[in-house]
Amino acid sequence: MATELQHPDSMPCHNQQVNSASTPSSDLLRPGDPIPHHTGGNSAAVAKLTLLTGHAHSSVPAECDSQACGTASLNSESTSDIRNKSNYDAPAGDSFLGDCELSRQVGSQLKLLPMNDQIRELQTIIRDKTASRGDFMFSADRLIRLVVEEGLNQLPYKECMVTTPTGYKYEGVKFEKGNCGVSIMRSGEAMEQGLRDCCRSIRIGKILIQSDEETQRAKVYYAKFPPDIYRRKVLLMYPILSTGNTVIEAVKVLIEHGVQPSVIILLSLFSTPHGAKSIIQEFPEITILTTEVHPVAPTHFGQKYFGTD
């Protein structure tokens, strides 16, 4: 779940290689302090550890005290080393927003999945231009499923009592009714099956938004929703947030149909700092759930997933 890790002494995931005895706490870290590697551990596993309360995990260096944000982003390389690297091309004019700055601008409405080696590998395969379409789709579907599962954790539930086969009473929970999905065509349709795999009977609407050839502005061409969508919680599905313009137009259409931004949860795989900030600034009550915030988004996702690249 995308919640803050408050128990560093608990048993970690085998991929994370967390060692509370050898890793300094966030209270002792200061900008520029070196982060020691774990002896005998997997260096990729300690590349990124993120404490989540909606703060953005990104590959961008942050120039601020960890206490200012209430979170520590631990990297295997120092800030100066990262700053010297130029092995990726950022869009022209895109500012590099660090964790703390992005957190101040978007608040707790931006939530990220806890990072581990499994998620990092899926992200790597999706970004790899040499990956086969089969490997790409397999990795994309796995990452989609993880995001959908976490998105469901953001929905309201209520307590219930059931009887086990042995006759005992068990106190559990069940999701409240009144949820639906909405995919932004075409790439958003790649996430529909992942949602149906988790919620077999959930209703899914669609929105088709394309850029106008003359004005280059996002334009709504088609929208079909459940008739009572204004009474439902909405899981809005769009895998890649680049500029955020398409999502902004989609949310406007939902608002026109009576949906409040506070009940919209945007499920995404990758986001740029600019895209996340644009959406939150336009709709401060919306929730964004993604796996990574990075200046360069894999915009080839839809073409490769559907085989039109």
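These legends accompany a set of close-up views of a predicted model.

**Figure 1. An overview of the predicted protein and its secondary structure.** Let's start with the whole chain before zooming in. The protein has 9 helices and 14 strands. Of its 309 residues, 43% are buried. Among contacts with a separation of 6 or more, 67% join residues that are 24 or more positions apart. The accessible surface comes to about 16500 Å², and carbon and sulfur atoms account for 48% of that area.

**Figure 2. The largest nonpolar core, with 30 residues.** L236, V247 and L254 have the most contacts inside this core. At least two core residues come from each of strand 3 (110–112), strand 6 (179–185), strand 7 (203–211), strand 9 (233–237), helix 7 (245–256), strand 11 (264–267) and helix 8 (273–282). Helix 7 gives the largest share, 6 residues. To get your bearings, centre the view on L254: leaving aside residues up to four places away in sequence, L254 touches V182, I207, F225, I229, V234, L236, V259 and I264. Another core, of 29 residues, lies apart from this one and includes I119, I144, L235 and F270.

**Figure 3. Helix 8, largely enclosed by the rest of the structure.** Why is helix 8 described as largely enclosed? The reason is that 7 of its 10 residues are buried. Those buried residues are P273, G275, A276, K277, S278, I279 and I280, so a lysine and a serine are found on the list alongside residues such as I279 and I280.

**Figure 4. An aromatic cluster formed by F136, F301, Y305 and F306.** The structure holds 3 aromatic pairs. One of them, F136 with F301, is tilted, with 5.5 Å from centre to centre and 50° between the planes. F136 belongs to helix 5 (residues 133–153) and F301 to helix 9 (residues 301–305), so this pair ties together parts that are 165 residues apart in sequence. F136 is buried, at 0% relative accessibility, and F301 is buried as well, with a relative accessible area of 0%. The rings of F301 and Y305 are stacked, because their planes meet at 15° with the centres 5.8 Å apart. F301 and Y305 are 4 residues apart in helix 9, about one helical turn. Y305 counts as buried at 10% relative accessibility.

**Figure 5. K304, a buried lysine in helix 9.** Is K304 buried or exposed? With a relative accessible area of 7%, K304 is buried. Not counting residues up to four places away in sequence, K304 touches D128, K129, A131, S132, R133, F136 and D309. F136 in this list is also a member of the aromatic cluster.

**Figure 6. A salt-bridge network of E189, E192, R196 and K206.** The count for the structure comes to 9 salt bridges. E192 pairs with R196, their closest N and O atoms being 3.5 Å apart. Both residues lie in helix 6, 4 residues apart, about one turn of the helix. E192 also forms a salt bridge with K206, and here the closest N and O atoms are 2.5 Å apart. Since E192 lies in helix 6 and K206 in strand 7, this pair ties together parts that are 14 residues apart in sequence. E192 is buried, at a relative accessible area of 8%, whereas R196 is partly exposed at 34% and K206 is partly exposed at 23%. Shared partners join these residues and E189 into one network.

**Figure 7. A salt bridge within helix 5, from R145 to E149.** The closest N and O atoms of R145 and E149 are 3.0 Å apart. The two residues sit 4 residues apart in helix 5, about one turn of the helix. R145 is partly exposed, at 35% relative accessibility, and E149 is partly exposed at 34%.

**Figure 8. A cis peptide bond and a nonpolar surface patch.** The peptide bond from M185 to R186 is cis, with omega near 5°. R186 is placed in the loop between strand 6 and helix 6 (192–198). For the second part of this figure, look to the surface: Y157, V173 and F175 make a nonpolar patch of about 330 Å². Y157 belongs to strand 4 (residues 157–163).

Note on methods:
Residues are numbered from 1 along each chain as its sequence is written. This is a predicted model: local features need pLDDT of at least 70, side-chain atom pairs count only at pLDDT 80 or more; totals for chains, interfaces and linings use all residues. Side-chain values use heavy atoms; hydrogens and water are left out. A nonpolar core is a set of buried Ala, Val, Leu, Ile, Met, Phe, Trp, Tyr and Cys residues joined through side-chain atoms within 4.5 Å. Buried means under 20% relative accessible area, exposed over 50%, partly exposed in between (1.4 Å probe, protein chains only). Contact means heavy atoms within 4.5 Å. Patches are made of residues with over 30% relative accessible area and no salt bridge: like charges are joined within 9 Å, nonpolar side chains (Val, Leu, Ile, Met, Phe, Trp, Tyr) within 5 Å. Accessible areas come from the Shrake-Rupley method with a 1.4 Å probe; for residues, only the protein chains shown count as cover. A salt bridge is a side-chain nitrogen of Lys or Arg within 4 Å of a carboxyl oxygen of Asp or Glu. Rings of Phe, Tyr and Trp (its six-membered ring) pair if their centres lie within 6.5 Å; planes under 30 degrees apart count as stacked, over 60 as edge-to-face and the rest as tilted.
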